[in-house]
Amino acid sequence: MQKILIGFIFFTSIFSVSPSQAQESDILPSTNITITGIADSDLMNQFTTILKEKEEKNYADIEKDSGEPQYINMNQFKTFLNLPYANTKNPRQQLDIIYPSVGNAPYKVIVNFHGGGWISGSRKSANHAVVMLATQQGYAVVNVGYRLATEAVWPAQLYDAKAAIRFIRAHARKYRLNTNNIVVWGNSAGGHIASMLAATNGMKEMEDLSMGYEKYSSDVQGVVSFYGISDVTDMGNEGVKYANALLGFNVQDNPEKARTANPIEYVSEDFPPIFILHGTNDQIVPFEQSVKFAEKINRITGRNQAQLKLMIKAKHGDKNIKSVENIDESLNFVDKIMYPDRKNPYRTKRYKEIKITTEVE
């Protein structure tokens with residue numbers, strides 16, 4: 001029986017009742033318990049069955065602005081904005097550097113990729129404002145834009161992401177950044193891009209070096225993925241259209257070709273540490289994707305490189321996933337990569353709210 005070497009976050013009473021008993025209960029418990037160790041596939045299947053019986057059937061749309069668009073208010077930070085990273089004038093191929101409010105240069109770097117199902121979203125969107133909390137903990141955050149599938153299909157998005165990482169390293173001294181270790185972060189489609197970066201470290205055939213700075217590495221040393229896609233061929237009914245848009249064809253008709261966009265297909269023994277958060281009521285990206293992804297990473301690397309946190313009943317883009325508690329836990333993970341021999345001297349439990357605006361800068 002295959003063993004799943006993952007740390008699951010779930011509720012202790014899930015397995016203290018039978019599926020039939022669970023059906024009679026109105027709600028699941030609401031307290032997270034961290035459990036680490038070995039779980040066999042039968043236990044995972046039982047867990048999945050119980051959750052599917054209990055969860056609501058509605059879902060949240062792929063992350064996008066609703067109503068009047070809202071953006072991160074950049075006036076609250078020290079920044080360099082709208083920097084072209086691919087020798088083009090395409091506004092999608094630009095990045096913003098946001099400096100920390102504490103600490104000394106050169107600053108350690110988190111690179112963030114926005115969500116939006118590869119067809120929408122913006123690096124300036126308020127949807128990922130919580131990632132900016134990292135600037136209050138000594139980290140510079142670089143928000144990267146990339147070409148949407150409506151402009152260019154896969155692998156254009158990966159080429160853009162790798163070009164952005166190379167640009168950041170090439171200009172590290174100019175922008176006072178420490179790029180020895182780079183952690184990439186992303187929600188949904190952004191989590192997919194971040195995971196693909198990690199999975200294809202060192203694979204020159206997976207980047208377009210003509211986009212510039214070919215002498216610099218696009219390797220990343222860690223990943224934080226919030227409900228990111230690891231298998232475009234295994235999306236929920238509401239997610240298939242986004243995968244089709246990314247690839248430019250029906251992924252269900254041609255799954256072999258589509259697998260070239262799957263981070264799970266490129267897992268090697270050198271895969272860097274990754275922290276994954278996923279809601280079990282995600283109707284767009286099934287949480288089982290993240291379970292399989294984490295399991296494969298830990299099996300192939302032979303280490304607990306993947307940490308998985310499952311949020312019971314949380315939907316795609318759920319605000320509970322983006323809680324300060326989860327951001328703090330994610331930064332604890334990042335700290336271990338950036339400060340392997342000591343504590344992050346700039347960490348605090350005090351987080352100030354990120355200001356939002358309706359005006360884009």
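# Reading the aromatic rings

Me: Where should I start in this model: is Phe167 buried or exposed?

Reply: Remember that this is a predicted model. To read burial, look at relative accessible area: under 20% means buried. Phe167 has 4%, so this residue counts as buried. Tyr213, at 24%, is partly exposed.

Me: How many aromatic pairs does a search of the whole structure find?

Reply: There are seven of them across the whole structure. One is formed by Phe167 and Tyr213, whose ring centres are 5.6 Å apart. Their planes meet at 80°, and the pair is edge-to-face.

Me: Which parts of the chain does that pair link?

Reply: Distant ones: Phe167 belongs to helix α3 (residues 156-170), while Tyr213 is in the loop between α4 and β9, 46 residues apart.

Me: Why is the pair of Phe271 and Phe293 edge-to-face?

Reply: Check the angle between the planes, since over 60 degrees counts as edge-to-face. Here the planes stand at 90°, with the centres 5.8 Å apart, so the pair fits that description. Distant parts of the chain are again linked: Phe271 comes from the loop between α6 and β10, and Phe293 from helix α7 (residues 287-301). Phe271 is buried at 1%, and Phe293 is buried at 3%.

Me: Which residues do ring pairs link into a cluster?

Reply: Look for Phe80, Tyr99, Tyr107 and Tyr175.

Me: And which charged end sits over the ring of Tyr99?

Reply: That of Arg176, 4.9 Å from the ring centre. You can also find Lys108 over the face of Tyr339, 4.8 Å from the centre of that ring.

Note on methods: Residues numbered from 1 in each chain as written. Predicted model: local features only at pLDDT ≥ 70, side-chain atom pairs only at ≥ 80, totals over all residues. Heavy atoms only, no water. Phe/Tyr/Trp six-rings, centres within 6.5 Å; stacked < 30°, edge-to-face > 60°. Helix = DSSP H or I, 4+ residues; strand = E, 2+ residues; numbered from the N terminus. Buried < 20%, exposed > 50% of the residue type's maximum accessible area, 1.4 Å probe, protein only. Lys NZ or Arg CZ within 6 Å of the ring centre and 35° of its normal.
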